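Thanks for making the time this morning. I would like to walk through a few local features, and I will put the model up now so that we can follow it together.

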Amino acid sequence: MNTFRPLYRLGLISERLELQEDAARFYHRALQHHSLYRPALQGIASAFQRLAVPDEEIAGLLIQLVPPTNAAQRAAIIDSLFEINANETITNLSRDTFPLELETANWMISSLLITSKLEDAYTTIRQMTSLATQDNHDLEYLKKWATLWAICSWALFGEFHNDLLTYAPDELRFGLQYIQKCHQQQKVDPAEAEVDSLTLHSSFISDLIEQSVKLHQPALSEALIKLFPPFRSELAAALYKEGNRNAAGEHFIRLVSDQAADAKVLFYIGEMVFDKGHYTEASEWFQQALEQMPEHEAARVGLALCYLQQAKLSMEEALNSLDAANVHGPLQTDIGAIHKSIFLLNRTPWHTQWSFRQSEGRTAK
């Protein structure tokens, strides 16, 4: 408690205050006490990326901090690079230094998919699943690789191959077979689909949509929405969280038009409008989100900020109408207090957080 944890928190606070150099220093000090503390590793990678340090140099720094001599160290490095969307750098890491192994396969395969190296991803998945079957690895690992295999298979062939369906764990296989069946029959009307089957597989379909968006494979997510229109909200939310706000906005418009926007979508629309400085309109969206989900704390903070911003604008207009003799007084004090409240609330994690690459719209690089 008196070493790496408070130093990491100081780095996190500095990063939220946009003091990236200070953040990097605190993270580095935390790592001197605990070099495998992943939040600090991810923090220093993020801080340097925001300081415009190339991803290759960030990878070199992480390798210096954590020499990749065992699986845990290699996993810490690749995980940190993946968190800052340094996917191209991950795919270019030497396989001699970073061999394919249980602890890192998920990030390596994901990076190959994100950077559109589909053939390499497919080959790597087959290698990993073959090893996993021989070694009887944990079911959760098998599910992860089978999901990646499914997304890659659809991107390459427009379907799930039979060898995948044979390999996949039962729960995953049943979901994939259901999607394959609906695709072959081209059922686009949800009324035609078996309600019980759709309900049974709804969680799997939702997860698959989110994963396909994260891995930048729109062919599968678009096919799933065509087959299962009620999942448009999940697609819109996944696109927004990934930083693809333009594409998400198109789905938001359709959901609102169809009166199918849930509290999550309403909150995201409020965020988008808030970020453009339209505080009165944003407050209406946050209010709608709270009507659907009263316990939505982020929407409550967003609504409070809207009211504070409106109050600030009104008070500043009033201040501008005063003569020079009244430049100091209670009004100025109140404006200062509102500025401070806005500053503090904006530093709380109420707003959707994007990595540097996501906020710049360059997550594939």
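Let me begin with a question: where is the place of His216? His216 sits in the loop that runs between helix H13 (202-214) and helix H14 (218-227), and I should say at once that what you see is a predicted model. Although His216 is not a glycine, its phi is positive, at about 60 degrees, and with a relative accessibility of 22% this residue counts as partly exposed. As background, most residues other than glycine have a negative phi.

Ala52 is another residue of this kind, with a positive phi near 70 degrees in a residue other than glycine. Ala52 lies in the loop between helix H3 (38-50) and helix H4 (55-65), and it is exposed, its relative accessible area being 65%.

Turning to the interior, the largest nonpolar core has 111 residues, and those touching the most other members are Leu81, Phe160, Leu176, Ile179, Phe228 and Phe286. Helix H9 (residues 139-157) supplies the largest share of this core, namely nine residues. If we set aside residues up to four places away in sequence, Phe286 touches several partners, among them Phe267, Phe274, Leu303, Cys306 and Trp350.

Finally, Leu31, in helix H2 (residues 20-33), is buried because its relative accessible area of 6% is under 20%. Beyond its neighbours within four places in sequence, Leu31 is in contact with Tyr37, Ala40, Leu41, Ile44 and Leu65, whereas its C-alpha atom is separated by 21 Å from that of Thr104, 73 residues apart along the chain.

Note on methods: Residues are numbered from 1 along each chain as its sequence is written. This is a predicted model: local features need pLDDT of at least 70, side-chain atom pairs count only at pLDDT 80 or more; totals for chains, interfaces and linings use all residues. Side-chain values use heavy atoms; hydrogens and water are left out. A nonpolar core is a set of buried Ala, Val, Leu, Ile, Met, Phe, Trp, Tyr and Cys residues joined through side-chain atoms within 4.5 Å. Buried means under 20% relative accessible area, exposed over 50%, partly exposed in between (1.4 Å probe, protein chains only). Helices (H or I, at least four residues) and strands (E, at least two) are DSSP runs, numbered from the N terminus. Contact means heavy atoms within 4.5 Å.
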